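Welcome to a short tour of a protein chain. Take a moment to look at the picture, and then we can walk through it together.

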Amino acid sequence: MSTRTKLGTVGLVGVGVLFVTGLYTAVTYNSLVRLDQQVQSQWAQVENAYQRRMDLVPNLVETVKGAAGFEKSTYTAVAEARAKVGQVSTSSSSKPVNDQAQFAKFQQTQDGLSSALSHLLVVVERYPDLKATENFRDLQAQLEGTENRIAVERMRFNETAQAFNSKRDSFPTLLLAGLSGARFQEKSYFKAQAQAETAPTVKF
């Protein structure tokens with residue numbers, strides 16, 4: 001085989017390797033984009049569920065405030081927890097899904113609101129007349145449905161985050177993710193509240 005033929009063969013092999021490498025990089029990048037978009041989409045569903053709860057809180061607070069002798073500190077704690085959630089939602093330009101510290105802060109404030117709501121609903125047990133009102137029963141049913149929806153959306157988010165992280169952390173995809181900077185950061189997971197294995201109970 002002549003030198004020219006050998007060089008031609010080496011050149012073709014080199015072009016083939018570059019082509020395969022480029023194709024693999026493109027396919028891998030596109031798969032990361034697709035998985036990242038699924039995480040972003042599921043995050044929007046989580047936010048929608050939490051926003052629904054935020055919207056219910058003012059009516060719930062007003063309803064219990066109208067009950068004779070209802071403990072002011074209890075519904076004040078709920079209002080303050082809701083305000084903290086709102087502050088976290090508006091204090092950062094980056095989405096919590098892309099920022100682990102912001103994600104942890106988001107979950108902490110949401111868990112705080114969950115705890116305040118749980119306490120309020122326990123206190124309501126002492127006020128049978130309040131429990132019997134149609135307005136409160138409607139709010140109770142809506143809150144129960146919303147808490148269930150939150151649990152479902154958090155579970156689905158964790159599943160999409162796990163799919164993304166599994167792909168991102170596999171070799172050699174990890175190298176490409178690293179070269180992409182903040183574009184493909186590892187996603188955080190929702191975790192159960194401390195000392196709470198289940199969603200807040202709102203049934204009576």
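## Starting with Q107

In which helix is Q107 found? Keep in mind that the model is predicted. Q107 sits in helix α3, which covers residues 100-124. Is Q107 buried or exposed? Its relative accessibility is 10%, and because buried means under 20%, Q107 counts as buried.

Now see what surrounds this residue. Setting aside neighbours within four places in sequence, Q107 is in contact with R154, Y189, F190 and K191. With K191 there is a polar link: a polar atom of the Q107 side chain lies 2.4 Å from the backbone oxygen of K191. Try finding A192 too: 85 residues separate Q107 and A192 in sequence, while their C-alpha atoms are 9.8 Å apart in space.

## N165 and its partners

Next, go to helix α5, where you will find N165. With a relative accessible area of 3%, N165 is buried. Its side chain reaches the backbone nitrogen of K187 at 2.9 Å. Not counting residues up to four places away in sequence, N165 touches E186, K187 and Y189. You have met Y189 before, as one of the residues in contact with Q107.

## The nonpolar cores

In soluble globular proteins, nonpolar side chains tend to be buried together. How many residues does the largest nonpolar core have here? There are 24, and V64, F70, V78, L113, L120 and L130 have the most contacts inside this core. At least two residues come from each of α1 (3-65), α2 (72-91), α3 and α5 (134-168). Helix α3 gives the largest share, with 7 residues.

Let us zoom in on L130. Leaving out residues up to four places away in sequence, L130 touches T63, V64, A67, F70, V124 and F136. A second core, separate from the one around L130, has 18 residues, including L32, V46, Y50 and F190. F190 is also among the contacts of Q107.

## The whole chain

Finally, step back. The protein chain has 6 helices and 0 strands, and reading along the sequence gives the pattern α-α-α-α-α-α. Of its 204 residues, 36% count as buried.

What share of the contacts with a separation of 6 or more joins residues 24 or more positions apart? The share is 81%. As for the outside, the accessible surface comes to about 11900 Å², and 56% of it belongs to carbon and sulfur atoms.

Definitions and conventions: Residues numbered from 1 in each chain as written. Predicted model: local features only at pLDDT ≥ 70, side-chain atom pairs only at ≥ 80, totals over all residues. Heavy atoms only, no water. Helix = DSSP H or I, 4+ residues; strand = E, 2+ residues; numbered from the N terminus. Buried < 20%, exposed > 50% of the residue type's maximum accessible area, 1.4 Å probe, protein only. Contact = heavy atoms within 4.5 Å. Polar contact = N/O pair within 3.5 Å; in protein donor to acceptor, adjacent residues only side chain to side chain. Core = buried A, V, L, I, M, F, W, Y, C linked by side-chain atoms within 4.5 Å. Areas by Shrake-Rupley, 256 points an atom, 1.4 Å probe, with all protein chains shown as cover.
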